[in-house]
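Work through the exercises below with the model open. Each one gives a task, then a solution in steps.

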Amino acid sequence: AGQQPTEEFLSAYFARIGFRGEAAPDMETLKKIVFAHTTTIPFENLDVLLERSILVDEASVFAKLVRGGRGGYCYEQNRLMITVLKAIGFEARSLAGRVRWNKPKDQRAGRLHLFTVVTLDGNEYIVDVGVGNPTPTGPFKMCAEPQTTPHDQRRVIPDEEGRVGVFVHQVLWDGAWKDIYEFTLDECYMIDCEVGNFFVHKNPTSWFRGKLMCTLARPDGTRKALVDMEFTERRSDQVISTRTLTSREELLETLKREFNLDFPAGTSFAATGAPVP
C-alpha cells in the first residue's frame, strides 16, 4: 500500500472499464473515467455473504476489482478510484460520510462510507463510485446549486439542523431531493478505511451481512439493482420494471447476465442471514 501505481496498473484498469484515449488531470478525463467505472464495475457485497475476508490495500483491491472482474462496496471501489486518480495526477483526498439513504433523519449511522473529493481548477468535486443504487455517474461540485450528472441531478447542502461543518449529499430521486449521506471535511486516512471496512464486513450487526446487494448503472441512463431476490430497473425518476427471483439458479444466472459476476453452480449467499437461497 502507498506505492506509486505502475503503468501496467493504469493500463489494466483502463482496459477493465473500457477507457480509451489520453488520461490527463482534467475535467474531461475525470468525467469519462467516473462514467466508465460506474457503468462497468458493479457495487456488490457478495464476499461479505460468502464470509470471505475483504482487504482494502491497493494490491488487494486491484486483484479483485480489476484482475478478478468483480465489484465491491465503497471501501474497495473508492480506494481503487483514488489510487487511479492520483496516478493520473489529480489532487484528491478521501472523506468519510454517515449514510442517510432510506434512513430516518434522527437515526445516526457510523462514519462508514468512503468517498473521494477532487480539487480541480479551484473547485472541489465529489467523486463517489461506490454508494449502491444512487451512485453518481459523474463528478459534481460541492455546492447547493443542482447539477446534472449523466443519470440524475445532485447537490451538496449545509446541514439542515445547523451543525457547523456538516454537509449533506443529495440526489433528485422520484421527484424529490433525498439525502444520501452527511459528511465533514475531515480527511479519512488508510487506518480509518481499515477500521470501517472491518466493521462493515465482520460485525454481526452490519446491514451488509443481512442483505444481498448488487447494483450497476447502464450507459443509457437507466440503473439495475438486485436486492435479495428483487431485481429492479429504473431511471432516477421512476421504476421501469421489477420482478422477484424464485430460485438459487435464477439468482446466479441474473448475477451473470446482468452484472457479469460468475459464481459456480450451487453457490449460496445465505450463510450470514441474507434472505436468499
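**Exercise 1. Contacts of V118**

Task: Find which residues V118 is in contact with, leaving aside its neighbours within four places in sequence.

Solution: Work on the predicted model. Start with the partners that precede V118: L30, L85, F90, E91 and A92 are in contact with V118. Then go past V118 in sequence: N123, E124, Y125 and V127 are also in contact with V118. Now place V118 in its setting. V118 is among the residues with the most contacts inside the largest nonpolar core, together with Y13, I33, Y73, Y75 and L80.

**Exercise 2. The nonpolar cores**

Task: State how many residues the largest nonpolar core has, and which element gives the largest share.

Solution: The count is 44 residues. Next, list the elements that give two or more residues: α1, α2, α4, α5, β2, β3, β4 and α6. Of these, α5 (74–88) supplies the largest share, with 9 residues. A separate, second core has 18 residues, including L46, L255, F263 and F269. As a general rule, nonpolar side chains tend to be buried together in soluble globular proteins.

**Exercise 3. The largest pocket**

Task: Describe the volume and the lining of the largest pocket.

Solution: The volume comes to about 790 Å³. The lining has 34 residues, and V99, W101, K103, W207 and M213 lie nearest the centre. Sort the lining by class: 18 residues are nonpolar, 10 polar and 6 charged. Then sort by element: β3, β9, α6, β10, β11 and β12 each give two or more residues to the lining.

**Exercise 4. Positive phi outside glycine**

Task: N102 and D174 are not glycines, yet have positive phi. Is each one exposed or partly exposed?

Solution: Take N102 first. Its phi is near 55°, and N102 sits in the loop between β2 and β3. Exposed means over 50% relative accessible area. N102 has 57% relative accessibility, so N102 counts as exposed. Now take D174. Its phi is about 55°, and D174 sits in the loop between β8 and β9. D174 has 47% relative accessibility and therefore counts as partly exposed.

**Exercise 5. The open sheet**

Task: Give the strand order of the open sheet of 5 strands, and say why one side of β1 and of β13 is left without a neighbour.

Solution: The order is β1-β10-β11-β12-β13, with antiparallel pairing. β1 and β13 stand at the edges; each has a single partner strand, so one side of each lacks a neighbour in the sheet. Inside the sheet, follow one pair: β11 and β12 are joined over 5 bridges, in the antiparallel sense. Check the register: R223 stands opposite R234 in β12.

Notes: Residues numbered from 1 in each chain as written. Predicted model: local features only at pLDDT ≥ 70, side-chain atom pairs only at ≥ 80, totals over all residues. Heavy atoms only, no water. Core = buried A, V, L, I, M, F, W, Y, C linked by side-chain atoms within 4.5 Å. Buried < 20%, exposed > 50% of the residue type's maximum accessible area, 1.4 Å probe, protein only. Helix = DSSP H or I, 4+ residues; strand = E, 2+ residues; numbered from the N terminus. Contact = heavy atoms within 4.5 Å. 1 Å grid on protein atoms, 1.4 Å probe; cavity = no way out; pocket = protein on both sides within 12 Å on 5 of 7 lines; lining within 4 Å. Points joined across faces, edges and corners; volume = space filled by probe spheres on them. Nonpolar A, V, L, I, M, F, W, Y, C, P; charged D, E, K, R; others polar. Pairing = 2+ DSSP bridges.
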